[in-house]
Each structure stands twice: as C-alpha cells, then as structure tokens.
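Got the viewer open? Here is a short route through the model, with what to select at each stop and what you should find there.

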Amino acid sequence: MDLLQMKNISKNFAENRVLNDVSFSIKEGEVHGLVGENGAGKSTLMNILFGMPVIQSTGGYEGEIHINGKTFNPTSPDNAMDAGIGMVHQEFMLIPGFTITENIKLNREKTTPTFLSKIFGKRLEKLDLKSMAKDAKAALKKLDMDIDEYVPVAGLPVGYMQFIEIAREIDKTQLKLLILDEPTAVLTESEATRFLEVIKKLSNLGIAILFISHRLDEIKKITDSITIIRDGEVVKTINTDDIEINEIAGLMVGREIELSQKEKDERKIEDEDILDIKNLKVNMPGELVKGLNLTVKKGEILGIGGLAGQGKIGIANGIMGLYEASGTIIKQGKKLLLNNPKEALHSSIAFLSEDRRGVGLLLDHSIEFNIAFSSLEVQGKFLKKIGSLKLIDSKAVRKHALKMIEDLDIRCTGPKQNTRHLSGGNQQKVCIARALTLEPDLLLVSEPTRGIDIGAKNLVLDTLISLNKEFGVTIIITSSELGELRQISDRIAIIYDGKVAGILPPNASDVDFGLLMAGEDIEKVVD
Amino acid sequence: MIVPIVFLVICIVGSFFTGLPGGFLVNEMIVRLSRNLILVLSLLLPVITGLGLNFAITLGAMAGQIALIIITNFTIGGTNGLLLSLLLSTPFAIIFGFIVGKILNKATGKEMITSMVLGFFANGIYQLVFLLMAGTVFPIRNESLLLPSGVGIKNTVDLAGIKYSLDHLIPFDKIDLPFFQWLSEYPVCTFLFTLLIFILMGYFLKTKLGQDMRAVGQNVEVAAVSGINVEKTRVISVVISTVLAAWGQIIFLQNIGTMNTYGSHVQVGLFAVASLLVGGATVEKASWKEALIGTFLFHFLFVISPLAGQNLFGNAQIGEYFRVFIAYGVIGLALVLHAWEKDKAKITISDI
C-alpha cells in the first residue's frame, strides 16, 4: 500500500489557481523526486502537506490526502509531525546560538519533573541535557556524523547545518516521510555527494523521501521515481530509469508559444551596442549578481531568465543603482556612474520595477501625478516658473496623462483616480506611461506580468513590443516566465549563480532552456 | 565588553575627584545595590525572549505602588504589611503584564518604543485613578493619605510602617555581639531575597519554558515551525518581568521609607535599562552578570557625579546634569553600537 497518497489536490490564491488536480503517491522507503520551475506549485503543494498556516488562512485546499490509507487533513505543522512527516526547509531552520543538541531536540526536549513544575505545570520541568545529548548523538550517528554535540551551530560549515536538520527530523521516532526542499542548493560538490549517500541510507531504513531539487542530475541519480509539475499540474509521473535528463528538462519548461514571431523580422537591430556590462556585482539580498558580463544591442529586446534566487532580478536593480553594485557599465560609449539612481535616469534609462506596488507606484496619488512625477523630478518637465518658484503645471500634466490613458488604454475613472484601486494590469500600464514620459532609449522591465491576469498579460507584452517597434526603445525584460520571454525577446540570457549561463535564441528547444536553468554548461547544452 | 570598561574608567577617575572616603562609598553602594538589583533583573527575560528592553516595567512599579497605597490605607505595617503588599501587587502585575504582552505581540519589531509609550500612557491612567478617583470613587479610610481637599492621594506617602521591614527582617541588633551589631546596619535580608531571585532566575532558564524563551528570542520563525507557541511564550515573559518589577519597586520603597505617589515609578524603566546597558548588555543579549555589574557602575556614577561636578566645576548642578546625561546617553550609545554591529554583519559588495 502507498504510504502517502495525494489525490486531486487543487488550490486557489484569490482567483489565481496555482494547483490543479495534482495527484501522486509515494511508497514506503521510496525516494521520489519532485521537479518543476519556480512558481510551478511545488512549494504550495509541500505547504499543504506540511499544514503550514498560510494554506488555512487563504481558504484551505481541495482534494484528499491519505497516509497509510487513512484520511489526513493537516491544519498545522504539529498535525504533520504527529503523522510522521518531517520537512527540511530551504532556509535553515536552526537557531545559531543553540548547541547541536539543543537544535536537534528543539521543542522536543527531555525534561525531569521538579518541585516548581508540580505547581506551575509541565513547562517548568528541568531540561535533562544528558539524555538529550544521548539522543542527539544517536541521530547524528545514523547519518555517520562524528561531531561534538555540545558545539553551537553558529559558525559550523553550511553542509553540517543541513545534516543537523536531517538529524533533527530522524530523531522524531515516528518519522515516515521526509520532505527535502532544495537540500543541495547550498552544498559544495563533495558535501552534496555525501548528502546523497545519506539519503540512500535513510531510504534503506524505510523512510520515504520526497526530494525537491533543480539539479536534474541529482534527481536522476538518486530518485526511484519522478513527478514533474508545470503550471500547477502534473505533467508526468514516471520511474526514473525510464526517462533521460533532457526529457525531464523539456517537460519541466515546455509550453506552446502563443504568439507568431513573423512580425519580428520587420525590425532592425543595429550592430551598435547600447549597453556593455562588465563584471557587474550587485548586493541584492537573495538575488546576488556575482560578476556578470553582458552586452545589449541597440534596438533589441533582450530577455533575462533563470530560476528565482540566481540573480536575474539583481541585474536591473544594480544598473539603476537601487542596490549596491560594482563593476563597469558602459552606455553608448559613456561610463555609467553606479549606485546613483538619478544618474541612471539622466542617462535615458527607465525602469519598471518588479515591486510594482512598493517601488513602482505612489499608491495614494492620482494616475496623472504618478505618470508625471519621475520626469518632473529628474528632467524638470511639467514645471512653470513664477519668479524664483517652480510650480507644477497641472494643465500640462493633465493633458499628458489623458494622452497616455488613451494611448495605453488604461481603464480608469479618470486621471484623478488613485492608483491603489486600479487592477494589476492597469497599474503596470501607469508604470509604463511614467517610464515613457522619461523618453528613455533603454527600458529595463522586471517581472512585468507578475500578478496580472492572462488577458492583461498579453496587453502589457504587446505594449512593450510596440514601444520597441515604434519608438526604437531597447528593452531588457527580466521574467520568471520563460514563455513570455520567448514570446517577445530576440535573445534570451539565462542567469545561473549570478552569472550568464548562456544566451539562446527564443526558438531554442525546451531542453536547452531547462538544462541551462539547472546550471549545466552551455557547451554541453549546445552539443 | 567595551561599554563596562569605559564606565569603569569614568567611575575610577570620577571617584578620584569626589574626595569621598572609601568607606562611605562602599556603604552607599551596598544600599543602592540592594534597592535596585531586582528592578534591573526584571528586564532580563524580555531581552532573552527577543522583546528588547522592556521599558514597560514602569507598569510593574505602579502595581507595587498600588499595593503599598492599599496597605497604607489599612495601616498594616511591619513584616505583615510587607508580605501583604508583595502578595497584593502580584495580581495587579500579572494583569498589567498580560495586557502589555498582548500589545507587544501586536507590535512585533517595535517592542521597545511601544513599551516606552505604554509606560507614559499608563502613567496617565494612574494619575487619573489616584488624583481624581481616590476619595470619590474609591473610599479612602486613612485620611492622612488624602490631599486636604479630600480628593486624591497626597504627593508623598509616608511608608514608615514598613520602612526597613525587609532590610532588617532578621533582628541582628538584638544579638549583643559586635559582629551582629555591625551586620544589623546592612540590608542583609534584602540581599538574601535578591540572591534567591537570582538563583530562581538561573534555574528558570534551565527549564523547558526558559529554553522556549531563548528559542523564541533567537529566531521566532524557527521556534514557531518547531511548534512552540511564540505569542504565549512572549506574554509569559512580560508577565514575569512585570511581577518582578512590582516586587522590586516595593523593596526599593521599603528602603527609602517614603513614596512619591506620582513620581517614584516614572524613571524606573529608564534607570533600570541604563543600568543593564552600562553592564555591557545589548538589546539582544543580557545575563545576570551584566545586571550586577551594570547596576553597580551606574549607581556608582550616580553617587559620585554631583560631588565630582561640585569639585571639578564648582557647581553641583553640573553633576546633576551629568546624571541625566548619562542615563539617556548610555541608552542612546548602546542602541547605536548595537545597530552598528548588526550592520557590520551584513554582506558587502566585496564579499560577493
């Protein structure tokens, strides 16, 4: 009988359906791989299984979960733990100031009753550090770890922390299923090898393992079977021996390209470079750019793709000076001053931030002011001089806003409406309108369709294409959705580990894209 | 480590300028330590639980004073009065601590400023109750407590009934031996009580609940994922802190012997926090050692600064000014140093 069965699981976040009818099952002692792009729904699925509060607070899920044939309806991590499910999270869930023992036994401490605990209850029982250490030692031993269990976790090598997390999970006596979310992402190669050996060992002990990873070669090497998820649906569940890495990569990414590409040939891409980036480093937490080189041709649409956390978002933020950056950026022969947003705007670069509501818009101001304010601040447009005072020329602002509303088809009650109450797509259009007002020759666009429904998505993308065609604006578009990059870009650079892993034409195969995103060498991919 | 050393140097240099005899200083310090240690200690748990410095121990001090007003109203003095006031202050302190804890849970990340403002706010209610309601809404039996108008508690309440009731609980002066006569000059029992609280605190930190508090203090998320009830743990921490502050304030006032009804509690949070910080504690890390060292250094400065000011500048006011300057300056400096150290821990562009 199957240990875990997930049947027809569906989940909506507001109107957004992130999981649709997902079913799969795991047997005892099986190592099961779960692969998919960012946003495919893997994390949501795991959050459902682990009873994370975020699922309940957004309206629960549909479908059924069975453990050993019994219905299981997790409403908190406690439920999941009681049912024998353990999870090693992507970020370390360890307390740095605590010793290894204290971390392994966190909230499952052994205690002895005392005088005070008899009056005030169980929480005042004294910790039994000796027997806790014994348990910790036993758990570490199962992982072949030989380390002093009294050492604080802070300062240990990253690889050790991962093992300590697993030791904590296997210390739970009833552990039946261990979820590993991207466990090897932070490990060095030798650590990862050792880690994979440990996984095999655990599976021999009868513990089923659900292994989530982007490293396809690992998935191939270690798992017994694989489930591939794309856009919230199961594409395929298959025995690992029956599928090749290339095929996995293809299934993970594969999507039909909706837009025909014939129009593109009409445009002229010049040989001249508009932007030359050398050794760019950007200190954006979670999206570090680590010495990236890239040239952008005048008049092209360059797509930047890659998985979350690899640094693609950091590039545009670094160029605009929003996060600390170093390196050289040459724009049309002139060196761009780094770490200075005003300078970037003066160099005719405009930016549509991925954080539309946070950085992109003044939510409690009117549409017309949102459209005008960047150029008003930076270029001194829409100002009239009265004596030594500079006042906003509201007539000019209004006229311009009305034109933009018509040109970009912004659905609103009028130019005085606050941007907070616009829909995602219309908010994005206001951002575009503001960028246009700056009359840039280079437009950086980050995640332009995030949180926007499908109909509005195409409108935003069409607007970008027409900007490029009619006004000759060079566009660098960063997106997590490979589909939309392939829809509008001339070239697509895939970022891996803060550097360009390779540049592919939009009609390159799904397999090539999948492999590049998983960190394979470009030479290997092109062969 | 640098903070207590700097203050130690200031203390040594300062005491050189006061010209006070060493014996006087030692005596003065013993009295001040016995008065203040429990108040400073009451700050420990919230720091360990990650709430930062709990300025709202002011509310605990109010609970203590409420109890003292009650026993004065019924003219219960001596040891009975002391025990009764400790007992009476506890339920008040638990209720206040519970409310403060609940509010601080809603203000995650801004606990310190919230606790400070709560202290100010509570002071307003306290004044309302004792200025307007005493004698009108609440009948007051002991007329000497009331202002001449018959409404409101007097500015100064005489606590003669319980003065030294803990300090001199063991009647050493009855034993006619030079050693015990000498001992009877000092607040021996208060130190024993303080020692007991210190030991209990050390023991408490080794229990499951203490472990939970440290886990919550270090990383809320990890604690929550491992099933610890974070909010409840934080509330308990604030409640214990408030109760200790109530007791601390009673012990402080039984030594002084008079209570400034509308003033005694106002600076409690500020001085306790400054003491702890002078001892080298930070917003995130504190232990009984820092409480002890800090209380000593801070109050040593307090004793010597007016005289040092007098002798150095010919003006005692400057020393007085220096006291206030130190109290606020220490808190400011400690917070800045803390922020600076946190900033250093961040990755910089050259690390990539």
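A word on naming before you click: helices (H or I, at least four residues) and strands (E, at least two) are DSSP runs, numbered from the N terminus. On that basis, chain B has 14 helices and 2 strands. Keep in mind throughout that this is a predicted model; its scores are ipTM 0.79 and pTM 0.76.

**Stop 1: chain B as a whole**

Select chain B and colour by pLDDT. The chain average is 88, and 99% of the residues score at least 70. For the two extremes, pick helix H14 (residues 316-345) of chain B, where confidence is lowest at a mean of 75, and then helix H11 (residues 230-256) of chain B, where confidence is highest at 95.

Now for the dimensions. Along the principal axes, the C-alpha atoms of chain B fill a box of roughly 70 × 50 × 40 Å. Chain B has a radius of gyration of 21 Å, which agrees with a compact globule, because one with 352 residues would come out near 20 Å.

**Stop 2: a helix crossing in chain B**

Show helix H2 (residues 22-41) of chain B together with helix H12 (residues 268-278) of chain B. Their axes come within 9 Å and cross at roughly 85°, so H2(B) is roughly perpendicular to H12(B). Turn on side chains where they meet: H2(B) brings B:Asn36, B:Leu39 and B:Val40, while H12(B) brings B:Val268, B:Ala272, B:Ser275 and B:Leu276. What classes of residue make up this contact of H2(B) with H12(B)? There are 5 nonpolar and 2 polar residues, and no charged ones.

**Stop 3: over to chain A**

Switch the selection to chain A, whose secondary structure comes to 20 helices and 24 strands. The C-alpha trace of chain A spans about 80 × 60 × 45 Å along its principal axes. A compact globule with 527 residues would have a radius of gyration near 24 Å, so the 27 Å of chain A agrees.

**Stop 4: the sheet with E1(A)**

Select residues 4-26 and 70-71 of chain A to pick up three strands of an open sheet. The sheet has 4 strands in the order E2-E1-E4-E5 (chain A), with antiparallel pairing. Strand E2 (16-26) and strand E5 (70-71) of chain A are the edge strands, each pairing on one side only. Zoom in on strand E1 (residues 4-13) of chain A, which pairs with E2(A) in the antiparallel sense over 7 bridges. One bridge to label links A:Asn12 to A:Arg17 in E2(A).

**Stop 5: a hairpin**

Next, select strand E11 (residues 225-230) of chain A and strand E12 (residues 233-239) of chain A, which pair in the antiparallel sense over 6 bridges. A:Ile228 has A:Lys236 of E12(A) as its bridge partner. E11(A) and E12(A) form a hairpin with 2 residues between them, and in the turn A:Asp231 has a positive phi of about 50°.

**Stop 6: a helix crossing in chain A**

Bring up helix H10 (residues 245-253) of chain A and helix H19 (residues 510-517) of chain A. They pack at an angle of about 95°, with their axes 7 Å apart, so H10(A) and H19(A) are roughly perpendicular to each other. From H10(A), show A:Asn246, A:Ala249, A:Gly250, A:Met252 and A:Val253; from H19(A), show A:Asp510, A:Val511, A:Phe513, A:Gly514 and A:Leu515. This contact of H10(A) with H19(A) divides into 6 nonpolar, 3 polar and 1 charged.

**Stop 7: a sheet with a helix across it**

Another open sheet of chain A has 4 antiparallel strands in the order E14-E13-E16-E17. Strand E14 (289-297) and strand E17 (334-335) of chain A each have a single partner strand, so one side of each is left without a neighbour in the sheet. E16(A) and E17(A) pair over 2 bridges in the antiparallel sense, with A:Lys331 partnered by A:Lys334 in E17(A). Add helix H11 (residues 312-319) of chain A: it lies across strand E13 (273-282), E14 and E16 of chain A, running at about 110° to E13(A).

**Last stop: where the chains meet**

Show both chains again. How many residues does each chain give to the contact? Chain A gives 25 residues and chain B gives 17 residues. On the side of chain A that touches chain B, helix H3 (77-82), strand E8 (126-127) and strand E16 (325-331) of chain A each supply at least two residues. The largest share, 3 residues, comes from H3(A). Colour that side of chain A by class and you get 12 nonpolar, 5 polar and 8 charged residues.

Notes:
Residues numbered from 1 in each chain as written. Chains lettered and ligands numbered in written order. Contact = placed C-beta atoms within 7 Å. Nonpolar A, V, L, I, M, F, W, Y, C, P; charged D, E, K, R; others polar. Pairing = 2+ DSSP bridges. pLDDT = per-residue confidence, 0-100. Axes fitted to C-alpha atoms, helices over the stretch in contact; angles between N-to-C directions. Parallel < 35°, antiparallel > 145°, perpendicular 65-115°, else oblique. Rg over C-alpha atoms; globule rule 2.2 N^0.38 Å.
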